[in-house]
Amino acid sequence: MRMAELYPQNERLVLGSHHFAAEDIIRFARKFDPQPFHLDAEAAKQSLFGGLCASGWHTCAGWMKTFVAFWAAECQRLKQDGITPPELGPSPGFRNLRWFKPVFAGDTIAYTVTLLSSRQSASHPGRLINTMLCEGTNQHGEPVVRFESTVLEFI
Amino acid sequence: MTSANPLLTFADFPVGKRFDFPGRTVTAAEIVAFAQEFDPQPMHVDEAAGKASILGGLSASGWHTSAIMMRMLCDSYIDQTAAEGSPGVDSMEWKRPVLAGDILSGHCRVVEARLSRSRPSIGIVRFIAEVTNQRGETVALCDYANMIRIDGGEAAAHANG
């Protein structure tokens with residue numbers, strides 16, 4: 001079955017949560033984003049953020065992690081129900097990413113996905129292009145991130 | 001500040017200003033390590049699965065490519081800038097796969113610079129970053145913004161004694 005047949009448009013699906021421990025924030029930042037507010041709690045107090053917080057790319061990677069786990073479980077569930085899962089491909093990118101609030105050390109982010117649209121690829125007839133709204137909310141219920149991701153589906 | 005040079009501030013980022021990225025080889029080991037932690041899809045963790053996919057080989061997660069781009073931004077200007085993070089990314093295009101062994105470089109340039117409406121000490125600088133591989137092909141194209149202080153903050157205070 002196709003994504004659009006399985007998941008109603010504009011219906012938010014809960015993917016799961018990811019905890020951001022200080023040591024994980026620092027480990028990611030040392031490799032990819034060594035700015036003082038991602039590396040050092042004292043330096044972070046002097047920044048606009050006011051405390052040690054995750055690289056925005058780390059926050060996004062957390063969304064991907066929960067999506068991959070969710071999707072593996074969904075494929076399993078669909079097969080058990082005798083449904084052929086949609087065959088998802090790589091993503092060509094995303095749009096309109098906003099980091100609304102810092103993800104601080106100790107925060108747990110709950111991630112969701114919402115199918116916004118599904119259309120035929122103009123250049124590849126065997127492919128659909130799905131646009132999905134991806135969101136993350138912290139333990140206080142405050143949105144921290146959102147972006148619109150594009151994902152290929154083979155038909 | 002330990003650096004003798006004052007940090008770059010908003011005024012140092014006029015439209016057209018360009019920063020070049022140092023070259024960097026992306027290894028199979030780092031592709032797999034990133035993917036195992038964040039994006040364990042077969043084409044990012046397994047050579048054979050990557051070859052069988054439309055990506056054509058063991059390929060980096062798009063988020064890994066994005067994180068590598070971030071490191072390039074840090075190394076090329078953010079480390080020397082009074083930067084206060086980013087409000088977001090208008091668009092990111094992962095135009096081609098990044099395969100194990102690829103050598104990435106590229107550049108970014110300023111396309112817009114304006115003052116923040118809500119924070120008088122901050123300017124918002126919009127950039128386009130282009131990451132290229134060893135054949136000069138664009139692998140990632142990113143339209144993003146940085147918040148940059150108008151004065152150097154602590155660095156300026158030190159300079160003024």
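In the predicted model, residues 15-117 of chain B are 35% helix and 27% strand, with the end C-alpha atoms 19 Å apart. UniProt, in an unreviewed entry, assigns the feature "domain: MaoC-like" to this stretch of chain B, residues 15-117.

Strand pairing in chain B involves β2 (88-94), β4 (residues 122-132) and β5 (residues 138-149). β4(B) and β5(B) pair in the antiparallel sense over eleven bridges, and Val131(B) stands opposite Ala140(B) of β5(B). These two strands, β4(B) and β5(B), form a hairpin with five residues between them. In the turn of this hairpin, Gly136(B) has a positive phi of about 80°. β5(B) also pairs with β2(B), again in the antiparallel sense, over five bridges. Here Glu93(B) stands opposite Leu141(B) in β5(B).

The largest nonpolar core contains 72 residues, of which Met69(B), Leu73(B) and Ala129(B) touch the most other members. Helix α4 (residues 62-76) of chain B supplies the largest share of this core, eight residues. Outside its neighbours within four places in sequence, Met69(B) is in contact with Ala129(B), Val131(B), Ala140(B) and Cys142(B). Among these contacts of Met69(B), Val131(B) and Ala140(B) are the residues that stand opposite each other in the pairing with β5(B). In soluble globular proteins, nonpolar side chains tend to be buried together.

Between the two chains, 28 residues of chain B are in contact with 27 residues of chain A. On the chain B side, the elements that give two or more residues are α4 and β2 of chain B. By class, this side of chain B has 14 nonpolar, eight polar and six charged residues. Strand pairing also links the chains: β3 (residues 93-99) of chain A and β2(B) pair in the antiparallel sense over five bridges. Within β2(B), Ser91(B) is the bridge partner of Arg95(A). β2(B) thus pairs with β3(A) as well as with β5(B).

In chain A, helix α5 (residues 56-80) has 25 residues, which at 1.5 Å a residue should span 36 Å; the end C-alpha atoms are 37 Å apart, so the expected span and the model agree. The buried residues of α5(A) include Trp57(A), His58(A), Trp63(A), Met64(A) and Phe67(A). Gly56(A), Gly62(A) and Thr66(A) are also among the buried residues of this helix. Just after α5(A), Gly82(A) takes a positive phi of about 75°.

Definitions and conventions. Residues numbered from 1 in each chain as written. Chains lettered and ligands numbered in written order. Predicted model: local features only at pLDDT ≥ 70, side-chain atom pairs only at ≥ 80, totals over all residues. Core = buried A, V, L, I, M, F, W, Y, C linked by C-beta atoms within 7 Å. Buried ≥ 20, exposed ≤ 12 C-beta atoms within 10 Å, placed from the backbone. Helix = DSSP H or I, 4+ residues; strand = E, 2+ residues; numbered from the N terminus. Contact = placed C-beta atoms within 7 Å. Nonpolar A, V, L, I, M, F, W, Y, C, P; charged D, E, K, R; others polar. Pairing = 2+ DSSP bridges. UniProt positions renumbered as here; feature names shortened; annotations may be inferred. Expected span 1.5 Å × (residues − 1).
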